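Colleague: I should be grateful for a close look at one part of this model, namely the sheet and what is packed around it. Please take the strands as the starting point and proceed outwards from there.

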Amino acid sequence: MHALSVDLEEYFQVTNFENVISPRQWDRMPSRIECATHRLLDLFAAAGARATFFALGWVAERHPKLLREIAQHDHEIACHGYAHRMLGDLGPKEFRADLRRARVAMLGVWVAILALALLPELVAFERLGHAEPAAPLAPVDRARASLAF
């Protein structure tokens, strides 16, 4: 059970700063998210706790390795929108655009996490072997074929 939730966002993306730091400035701000997240992961590991990390799409684009690390620690990754905009400030069209952009940003992370989860099965499948119907596969082709799965 994931009884904890974490909003995975930079310190400058919190709603209290929205009138002080514009999203156009975000890429120029120093990042603290990796250090802070690693501290949380250590605390959760020591307590045997699991959490759901709600990541901004903006964060997923810039820190995909961090999201994979979170998943490798057996935490859930979920979407928190792209640009941390309040729903009440968005119309339906803007909300769909923000969500779509966030999901695209998260897609690469989710695919990598799924591949990591399936890696033992992929390795086992490779050991089963495979023969092409018309001719045996060359070693290079066998490696390429195993990646296709």
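Modeller: The model is a predicted one, and the account below begins with strand S2, which covers residues 51-55. Strand S2 pairs with S3 in the parallel sense, over four bridges. Within that pairing, Phe53 has Ile77 of S3 as its bridge partner. On the other flank, S1 and S2 also run parallel, and here five bridges join the two strands. Ser5 is matched in this case with Thr52 of S2.

Taken together, the three strands make an open sheet with the order S1-S2-S3 and parallel pairing. Strands S1 (4-8) and S3 (76-79) are the edge strands: each has a single partner strand, so one side of each remains without a neighbour in the sheet. On average, neighbouring strands are turned by 25° against each other, with direction ignored. As for exposure, S2 is mostly covered, since four of its five residues are buried.

Two helices may be considered next. Helix H1, comprising residues 33-47, lies across S1 and S2 and runs at about 170° to S1. Helix H3, residues 64-72, packs on the sheet as well, touching S1, S2 and S3. The direction of H3 makes about 135° with that of S3. H1 and H3 also pack against each other, at an angle of about 5° and with their axes 11 Å apart. Because angles under 35 degrees count as roughly parallel, H1 is roughly parallel to H3. On the H1 side, the contact is made by Ile33, Glu34, Thr37, His38 and Leu41; H3 contributes Leu66, Glu69 and Ile70.

Glu34 leads from this helix contact to the loop between H2 and H3, where His63 lies. At 12% relative accessibility, His63 counts as buried. His63 and Glu34 are 29 residues apart in sequence, and their C-alpha atoms are 8.1 Å apart in space. Leaving aside residues up to four places away in sequence, His63 touches Glu10, Ser31, Ile33 and Glu34. Of these, Ile33 and Glu34 also belong to the H1 side of the contact with H3.

The aromatic residues deserve separate treatment. The structure holds five aromatic pairs. In one of them, Phe12 and Trp26 have ring centres 6.4 Å apart and planes at 50°, so the pair is tilted. Both Phe12 and Trp26 lie in the loop between S1 and H1, so the pair ties together parts that are 14 residues apart in sequence. Phe12 is buried, at 1% relative accessibility, and Trp26 is likewise buried, with a relative accessible area of 5%.

Phe12 also pairs with Trp58; here the ring centres are 6.0 Å apart and the planes stand at 90°, so the arrangement is edge-to-face. This pair links distant parts of the chain, 46 residues apart: Phe12 in the loop between S1 and H1, and Trp58 in helix H2, residues 57-62. Like Phe12, Trp58 is buried. Ring pairs join Tyr11, Phe12, Trp26 and Trp58 into a cluster. At Tyr11 a charged group is added to the picture, for the charged end of Arg32 sits over the ring of Tyr11, 3.9 Å from the ring centre.

Two backbone details complete the survey. Asp74, in the loop between H3 and S3, has a positive phi of about 70° although it is not a glycine. His84 is not a glycine either, and has a positive phi of about 60°. His84 is placed in the loop between S3 and helix H4 (92-128). With a relative accessibility of 16%, His84 counts as buried.

In summary, this predicted model has an open, parallel sheet of three strands, with H1 lying across S1 and S2 and H3 touching S1, S2 and S3. The loop between S1 and H1 is linked to helix H2 through the pair of Phe12 and Trp58, and both of these residues are buried.

Definitions and conventions. Residues numbered from 1 in each chain as written. Predicted model: local features only at pLDDT ≥ 70, side-chain atom pairs only at ≥ 80, totals over all residues. Heavy atoms only, no water. Pairing = 2+ DSSP bridges. Axes fitted to C-alpha atoms, helices over the stretch in contact; angles between N-to-C directions. Contact = heavy atoms within 4.5 Å. Phe/Tyr/Trp six-rings, centres within 6.5 Å; stacked < 30°, edge-to-face > 60°. Buried < 20%, exposed > 50% of the residue type's maximum accessible area, 1.4 Å probe, protein only. Lys NZ or Arg CZ within 6 Å of the ring centre and 35° of its normal. Parallel < 35°, antiparallel > 145°, perpendicular 65-115°, else oblique.
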